[in-house]
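Biologist: Please take me through the sheet, the cysteines and the cores of this model.

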Amino acid sequence: MKISDEILRRRTFGIVSHPDAGKTTLTEKLLLFGGAIQEAGAVKSNKIKKAATSDFMEIEKQRGISVATSVMAFEYLNRHINILDTPGHQDFAEDTFRTLTAVDSAIVVVDVAKGVETQTEKLVKVCRMRKTPIMVFINKLDREGRDGFDLLDEIESKLALKLCPLSWPIGMGSEFQGVYNIWNSSLLIYQEGNKQKINKSFSINDLSSSDLENQVGENAANSLRNEIELIRGVYPRFDKKEYLEGNLCPVFFGSALNNFGVKELLDCFVEIAPSPQPKISIERLVNPHENIFSGFVFKIHANIDPKHRSRIAFVKIVSGEFQRNKNYFHVREKRQLKFSSPLTFLASKRAIVETAFPGDIVGLPDTGNFRRGDSLTSGEELNFKGIPSFSPEYFRFINNADPLKSKQLNKGIDQLMDEGVAQLFTLKSNGRKIIGTVGALQYEVIQYRLEHEYGAKCSYENYSAHKALWIESKSEKQLEEFLKFKSRYTAEDKFGRIVFFADSPFGLQMSVEKFDKLIFHEKSEY
Ligand code: G4P
């Protein structure tokens, strides 16, 4: 097959949801359709259960599983689909943000009873920022849930998405009869307990046909007709261009657990979801169809084998063909590297890969050469953008608890930060180090890993801050003034960028007003 055909048939996406909405179940059902697994239960949930948050063995075990499920590839209708796993647990949200930089589209799973939850809001915000095309799957229709229209209203307002329902439920919970697939005008009848099989579906082009009554009864048929009429009047028609530009999100209803409505979602997905997209670098826009190879590291997964401090750098291929044992240029380090055992991930199996194409993810075994955001090319100097850091939500000073091991501590902190476990800031006034994270659990993970992987001990001290803001300056003079005035609250991040710790929303507002030539960004790339 020609490279251009390989590129066009690739679909690389992530499923995002609040924990427990059904991401793992949906992933598993998609893999079943792709023949990548044979039975339900084969994909282990990589969510870190709430009860186990202080059980480190559990965390380690879960981390092991999440390497296996980091990328899951399968074939469906001649499309090569790569699902990138996105941890739902909020303490690992950074990991999910990073993974979203490597997807070409996303599916958002919403629980029909719970509606939009906090984690979904945060993740969709990241997708919106990047204009990622989104499809929505409303899950658990076999349970009593919220009214469909109310739910769509909530999604539109809380997630700031414009929706376009492409399927619609007939009843819900104990009354659930199936869904009408607006996308291909067919009726899908729900059969309880039919978890692995494909459900019965009927083509119904004309909703006024009495076939509808025959299938679902008079009352349900009439309600469906009214609701579909309302949908056609209120919601925009599907427009592929609008979807691809991230302006319109198709919505499907179903039950992942009962494998209901999943095939319909997948069939539509392979038809409309984008193949790999051009990616912007500081130097230029890189098109996937270019001959030269380029890719970027979006995630580093460490400690596959704690004794050897082994890591895997996950590279998303942006352009050209990747080949095993070929020299590639590590742009930041300005040197050539070649990889004898690059990995691909098929369902939960890893395998050595000979060639890979744009849209694919290869896992490169690494001993510390890579940092998240690094570029790898055939020789060209390209630095990909769009892998920002976001303001952490927790801040603590990190102290060395064993003075004889300061070298180990620094090395450990350095590598864990390269992996993106947390962010490191160095206060300008006294050089003290502050670790910023998105969840409190991260501090325990860092402490544990520093001790077990690097032989270093650390302790923490609270640092009270509301947010970290990256400062862009339009006046050197004002920046100087600001740094003098706020010296105790400014730091450098790992890349030497200036960061301001605002103590409260009010404090931030005061600074914004007083220093009008400075811009305070909530993310490191602007
Ligand atoms: P997550 O990855 O988004 O965290 O969610 P996951 O798929 O693990 O699903 C969370 C729970 O919701 C699971 O139950 C799962 O079986 C259930 N679930 C998923 N889809 C549906 C659905 O369509 N209908 C119903 N009724 N339940 C659904 P659990 O009891 O937490 O776990 P398990 O013991 O079943 O694995």
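**Sheet, cysteines and cores**

Modeller: An open sheet of eight strands, paired antiparallel, has the order β27-β24-β26-β25-β29-β30-β28-β31. Strands are DSSP E runs of at least two residues and helices H or I runs of at least four, numbered from the N terminus; two strands pair if DSSP finds at least two bridges between them. The model is predicted, so local features need pLDDT of at least 70 and side-chain atom pairs count only at pLDDT 80 or more, while totals for chains, interfaces and linings use all residues. Residues are numbered from 1 along each chain as its sequence is written, and side-chain values use heavy atoms, leaving out hydrogens and water.

Biologist: Which are the edge strands of this sheet?

Modeller: An edge strand pairs on one side only. That holds for β27 (458-462) and β31 (518-521).

Biologist: Which residue in β26 stands opposite R396?

Modeller: β24 and β26 pair in the antiparallel sense over four bridges. Opposite R396 in β26 stands I435.

Biologist: Which residue in β26 is the bridge partner of F425?

Modeller: Strand β25 (residues 423-427) runs antiparallel to β26, with four bridges joining them. Their hairpin has five residues between the strands, and G431 there takes a positive phi near 75°. For F425, the bridge partner in β26 is I434.

Biologist: How many residues of β26 are buried?

Modeller: Buried means under 20% relative accessible area, exposed over 50%, and partly exposed in between (1.4 Å probe, protein chains only). β26 is largely enclosed by the rest of the structure, because its buried residues number four of the five.

Biologist: How far from C249 is the nearest cysteine sulfur?

Modeller: With a disulfide taken as a pair of cysteine sulfur atoms within 2.5 Å, a search of the whole structure finds zero. C249 is buried, at a relative accessible area of 2%. The nearest cysteine sulfur belongs to C164, and its distance is 9.2 Å.

Biologist: Which domains give residues to the largest nonpolar core?

Modeller: A nonpolar core is a set of buried Ala, Val, Leu, Ile, Met, Phe, Trp, Tyr and Cys residues joined through side-chain atoms within 4.5 Å. The largest has 64 residues, of which V136, I138, I155 and W168 touch the most other members. Domain bounds come from an automatic or database domain assignment. The core lies between two domains because both give residues to it: domain 1 (3-272) and domain 2 (279-377).
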